[in-house]
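Let's take a walk through a protein model together, one piece at a time. Have the sequence and the 3D view open as you read.

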Amino acid sequence: MSSVRLGIDNVSKTFGRNRALRNVSLNVHPGEIHALVGQNGSGKSTLAKILTGYHPADPGGRVVVDGAELVLPVRPLEARNRGLAVVHQSLGLVNDHTVVENLRVGRFRASRWSRRIRWDEERAAAAEVLARLGCTVPLDAKVGALGEEDRASVAIARALQDAQSGQGVIIFDESTRSLNRETLEHFYEILDGVVATGTSVLLITHRLEEVTEAADRVTVLRDGVAVEADRPTDGLTEAELVHLLLGRALENLDRPTPPATGERAPIVVSGVSGRLVRPVDLEVRPGEVVGVTGLPDSGYEELPYLLAGVSPAAGGTVRLADTTLDVRRTGPLAAIAAGVVLVPESRDRQGLAFDMSIAENVVLPCMNVRSHGVRPVDRRTEKARVAKWVTELDVRPPVPSLPVGKLSGGNQQKVLLAKWLSTDPQLLLLHEPTQAVDVGARRAIIAAIHDAAARGCAVLVAGCDENELSLLCDRVLVFRDGRVAEELEDKPGADAIVAAIHVSTGRKKLRARSA
Ligand SMILES: Nc1ncnc2c1ncn2[C@@H]1O[C@H](COP(=O)(O)OP(=O)(O)OP(=O)(O)O)[C@@H](O)[C@H]1O
């Protein structure tokens, strides 16, 4: 048996004048979890897409699987036959197909005689792989109607079902980004079983603890160059990893002091309810950042969409400085006009127009408000505003005319945030605002949210990432069964947040590796 499952040797990729990968080499060994990390735009997804035939590599590189060369450009079917499976960052699901169809497409086993698909067998196979992941999503649900966590579970289950014992490499490109801690622990339990057979995993992630706690080795890309390849993670600390990623230590997060808000009335949410949320009352003061969290379907993830008029509410009001919104009768445009804006979790489905430029995406909400006769904006002001946000959030490349679809995932997330921060809202609602962003960009996003708070904006952030919530929030409200079950005050730490979400289980290490 070859001691290298997947060998990548001297692979480069150029987009126009942009060299996304430069002579990258790395080796994934049988039965290991190999993390591939780097800042946003460092080339991780490009490498994954070369391995599955989505992008051709520049001439000169080699890819070897189990000792035999994989011909470049990779033909997708050949990659699959050689045991390469990938869960792309976009998850690659067909939204108007059901869960079972998404899981089984391309794998249907038809009856030899009638050529009919044996749906009972397909359903059983789909149910089995979802159960392994602890995912209870209905098989007949349309994938487009699922939340991000369930969508991620379906995409992960689809890749896991193809893993043949002892063979192949599964590539997870930021697939774990929307999983909460409990599902993440579950995911690694399964992965542990998969790699124990000899199957390998190439794991692209921005969560540092996944690298230090779960990966066996790590390769670090910086601006398309592998600055560290195949490094064992044994003894590697998060601080060392940050240094490898950024080429410097992470600066301290100095939060600007919010203005004295004594006289300014809080934003008051009264009796707001929806599909999951039972009537909820809460207040957010101008300058304050309040987190809402909980287990999936506990209601926290629905709350921002109810307040923004995006999801249908059963009742309730939001009292702002100069108006009160009846959420049942308020649509998204009226909410925006009143100063209530939402940065949704799903940037591709709800957040951004991928064919439009960075600049057009950033000015779009103001154009909507303008069409309601609220705020006229001239072109020069628009241009200056776009430039300011591109710089502030360090969008790369900083080219306002570039279509958003051509940016890396993390840079798309920054544009999404810029789009809504630039409206100077009264109430800023965010759902998983730092998903898919690197450790440096996460700081930039958190700083931008704290700056908005310092300007007097009230911020409500829904999320399941305890590290993000602990860095961002003054208070955290933990939901259970649609209600606020616990309030954590005084900038709670990550462990306190996890303990409150998973009352019975607490936080354990992602993977227990033998030394
Ligand atoms: N289809 C494309 N056309 C032009 N440039 C592209 C295309 N896809 C990616 N790029 C560029 O290639 C570089 C690497 O992007 P890639 O998506 O691989 O980064 P990444 O490390 O996966 O980032 P992230 O962590 O944000 O997902 C970026 O500069 C990006 O803008």
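Let's start with strand 1 (residues 6-15) and strand 2, which run antiparallel and are joined by seven bridges. One of those pairings is easy to look up: Lys-13 has Leu-21 of strand 2 as its bridge partner. The two strands form a hairpin with two residues between them, and Gly-16 there takes a positive phi near 55°. Keep in mind that everything here comes from a predicted model.

**The open sheet**

Now for a bigger piece of strand pairing. Strands of a sheet pair through backbone hydrogen bonds, either parallel or antiparallel. Here you'll find an open sheet of six strands in the order 6-7-8-3-9-10, and its pairing is mixed. Strand 6 (84-87) and strand 10 (225-232) are the edge strands, each pairing on one side only. From one strand to the next, the twist averages 15°.

Want a parallel pair to look at? Strand 3 (residues 33-38) and strand 8 (residues 200-204) run parallel, with four bridges joining them. His-34, for instance, has Leu-202 in strand 8 as its bridge partner.

**Domains**

Zooming out, the protein is divided into domain 1 (1-83 + 164-250), domain 2 (92-163) and domain 3 (267-501). The C-alpha centres of domain 1 and domain 2 are 25 Å apart. Where these two domains meet, 13 residues of domain 1 are in contact with 12 residues of domain 2. Which helix gives the most to domain 1's side of that meeting place? That would be helix 6 (residues 181-196), with five residues. Sorted by class, this side of domain 1 has five nonpolar residues, eight polar ones and no charged ones.

**Two helix pairs**

Two pairs of helices are worth a look, and here are their axes:

| Helix pair | Axes come within | Crossing angle |
|---|---|---|
| Helix 5 (residues 148-161) and helix 6 | 13 Å | roughly 5° |
| Helix 14 and helix 15 (residues 439-454) | 11 Å | roughly 5° |

Angles under 35 degrees count as roughly parallel. Helix 5 and helix 6 are therefore roughly parallel to each other. In their contact, helix 5 uses Glu-149, Ser-153, Ile-156 and Leu-160, while helix 6 uses Thr-183, Phe-187, Ile-190 and Val-194. By class, that makes five nonpolar residues, two polar and one charged.

Helix 14 and helix 15 are likewise roughly parallel, given their crossing angle. From helix 14 come Gly-410, Lys-414, Leu-417 and Leu-421, and they meet Ala-441, Ile-445, Ala-448 and Ala-452 of helix 15. This contact has six nonpolar residues, one polar and one charged.

**Around the ligand**

Last stop: the ligand. Which residues come nearest to it? Of the 19 around the ligand, the nearest are Asn-40, Ser-45, Thr-46, Ser-408 and Gly-410. You've already met Gly-410, in the contact between helix 14 and helix 15. Strand 2 (18-28), helix 1 (44-51) and helix 14 (409-421) each supply at least two residues of the shell. So strand 2, from the hairpin we began with, turns up again here.

What kinds of residues make up this shell? They divide into three nonpolar, 13 polar and three charged. And why does the ligand lie between two domains? Both domain 1 and domain 3 give residues to the shell, so the ligand lies between them.

Technical notes: Residues numbered from 1 in each chain as written. Predicted model: local features only at pLDDT ≥ 70, side-chain atom pairs only at ≥ 80, totals over all residues. Near = placed C-beta within 6 Å. Nonpolar A, V, L, I, M, F, W, Y, C, P; charged D, E, K, R; others polar. Domains from an automatic or database assignment. Contact = placed C-beta atoms within 7 Å. Axes fitted to C-alpha atoms, helices over the stretch in contact; angles between N-to-C directions. Parallel < 35°, antiparallel > 145°, perpendicular 65-115°, else oblique. Pairing = 2+ DSSP bridges.
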